Amino acid sequence: MTDLKKLLIVEDDAGLQRQLRWAYEGYEIHTAANRDEAVTVIRAEEPQVVTLDLGLPPDPDGTSEGFATLETILQLRPDTKVIVASGHGAHESMLKAISLGAWDFYQKPIDIDALGLIVARAFHVHALEAENRRLAERAEAGAVLGGMITGAPEMLKVTRTIERVAGADVSVMLLGASGTGKELLARGVHDASPRKKHAFVAINCAAIPETLLESELFGHEKGAFTGAVKTTEGKIELAQGGTLFLDEIGDVPLPLQVKLLRFLQERVIERIGSRKPIAVDTRVVCATHQDLDAMVADGRFREDLYYRLAEIVIRIPSLAERPGDAGLLARHFLTKYAAAMQTGAKSFAPDALAAIDAWSWPGNVRELENRVKRATIMAEGKMVSAADLDLADKADPIPINLKAARELADRKAIRHALARAEGNISGTARLLGISRPTLYDLMKAYDLQP
Ligand SMILES: Nc1ncnc2c1ncn2[C@@H]1O[C@H](COP(=O)(O)OP(=O)(O)OP(=O)(O)O)[C@@H](O)[C@H]1O
């Protein structure tokens with residue numbers, strides 16, 4: 001929406017309409033003499049403020065058409081500030097108008113100066129509300145949980161869950177595909193917890209050879225094995241007081257699972273080559289992209305360890321399951337890498353945006369970050385193209401069409417409701433929250449059978 005202040009005057013008296021039109025300065029004025037004209041202006045111009053005469057044709061001496069117009073305006077643009085005018089002594093009509101959502105009222109005959117003040121205040125409040133909404137949207141769609149960029153409700157739900165569980169000293173298991181941000185979220189758990197002043201220690205159990213993993217985790221004494229030239233603390237010990245993040249927990253071999261379980265039960269470790277127990281107070285967060293339930297079922301992962309690690313289980317949606325996030329993250333990474341590498345790339349060309357939206361992102365955020373980083377270097381001008389992202393020809397040829405999307409959603413909901421109501425039309429309409437005639441119309445339009 002533009003910042004231009006647009007005022008719609010709905011008034012059927014041509015003389016009064018003219019008088020009002022010239023009474024204001026600094027606004028773009030539109031006029032309407034009846035409901036239809038008002039609706040046309042609301043749709044086309046989206047005025048922030050409307051003055052509405054309740055006595056409109058075909059009921060110029062009553063209020064019915066005025067109220068109907070008020071309701072239509074608020075249905076179309078609920079944020080519009082509607083100031084209602086009515087004849088002297090029409091106290092009840094005013095109260096009704098306010099209860100229907102009008103912002104303010106004034107009584108005829110019109111006092112131009114007083115009305116001018118009400119209109120100016122309405123614009124002011126509208127601007128404040130719009131700014132508030134913008135700020136709230138930015139906060140929602142921006143960085144959450146220190147550094148997580150998301151605007152997707154699916155992911156915001158995850159971050160809120162994490163914020164809630166961070167304070168309780170429970171173990172957290174993050175399940176999600178590679179590159180979905182599990183490590184970032186594990187860090188989020190740590191940063192939002194009372195342990196944040198202590199260390200966050202991460203170890204990727206899949207990246208370390210089996211033979212070294214035990215020593216990495218538990219540490220070793222000097223001379224414990226060939227090559228152990230000095231005593232070394234393990235990652236568990238290093239996370240004393242803080243948080244230990246065990247990435248790819250599904251890759252821990254069974255013998256080491258036993259040792260991990262013992263640590264989680266007794267909260268003590270022994271370095272390799274030592275019998276001295278060392279008490280360690282650390283919170284464990286783990287993650288995996290594997291199906292741990294299946295691994296437990298066929299004996300590849302210990303069930304008792306699973307329950308120790310999974311006091312809270314959080315599933316991280318893939319990037320494809322978070323509509324809109326790919327574009328948001330792409331812009332974030334473009335800004336970041338263009339600044340870091342001092343390139344001229346500033347924005348995405350339309351074909352790049354379409355490709356980003358349509359691509360399925362099998363490698364999730366990591367893939368997106370890599371593609372944008374590469375594209376920032378490859379782009380020749382200010383615009384990053386789909387080819388720079390190596391996504392040319394990969395955009396979905398189906399254009400986004402809201403009508404088609406709505407029809408699909410309608411069909412799905414009606415089919416579900418019909419199934420639940422066992423084909424009963426009244427029951428189906430009730431479940432859907434619509435009237436029977438509306439349901440009949442929709443079923444006819446979509447050619448659906450009960
Ligand atoms: N929502 C996000 N906002 C900003 N950066 C993100 C987001 N999600 C992931 N990243 C970045 O994407 C990269 C991959 O994320 P991360 O390492 O947390 O994923 P992962 O799920 O732990 O991956 P893997 O399972 O492969 O270890 C990192 O550079 C991370 O900073």
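These legends accompany three close-up views of the predicted model. Residues are numbered from 1 along each chain as its sequence is written. Because this is a predicted model, local features need pLDDT of at least 70 and side-chain atom pairs count only at pLDDT 80 or more, while totals for chains, interfaces and linings use all residues.

**View A. The shell around the ligand.** Here 17 residues surround the ligand (C-beta atom, placed from the backbone, within 6 Å of it). The closest are Ser178, Gly181, Lys182, Glu183 and Val365. At least two shell residues come from each of β7 (148-149), α7 (182-191) and α15 (364-378); helices (H or I, at least four residues) and strands (E, at least two) are DSSP runs, numbered from the N terminus. Domain 2 (150-315) and domain 3 (320-384), with bounds from an automatic or database domain assignment, each give at least three residues to the shell.

**View B. An open sheet of five strands.** Follow the order β9-β12-β15-β8-β16, with parallel pairing; two strands pair if DSSP finds at least two bridges between them. β9 (200-204) and β16 (312-315) stand at the edges with a single partner strand each, so one side of each has no neighbour in the sheet. Five bridges join β9 to β12 (residues 243-247), and Asn204 stands opposite Asp247 in β12.

**View C. Helix α8 and its surroundings.** In α8 (residues 210-218), the buried residues (20 or more other C-beta atoms within 10 Å of their own, placed from the backbone) are Leu213, Ser215, Leu217 and Phe218. These pack against β9, β10 (219-220), α9 (235-238), α10 (254-266) and β13 (268-269), with contact meaning C-beta atoms, placed from the backbone, within 7 Å. Just after α8, look for Gly219, with a positive phi of about 80 degrees.

Terms used: A residue is buried if 20 or more other C-beta atoms lie within 10 Å of its own, exposed if 12 or fewer, and partly exposed in between; C-beta atoms are placed from the backbone. Two residues are in contact if their C-beta atoms, placed from the backbone, lie within 7 Å.
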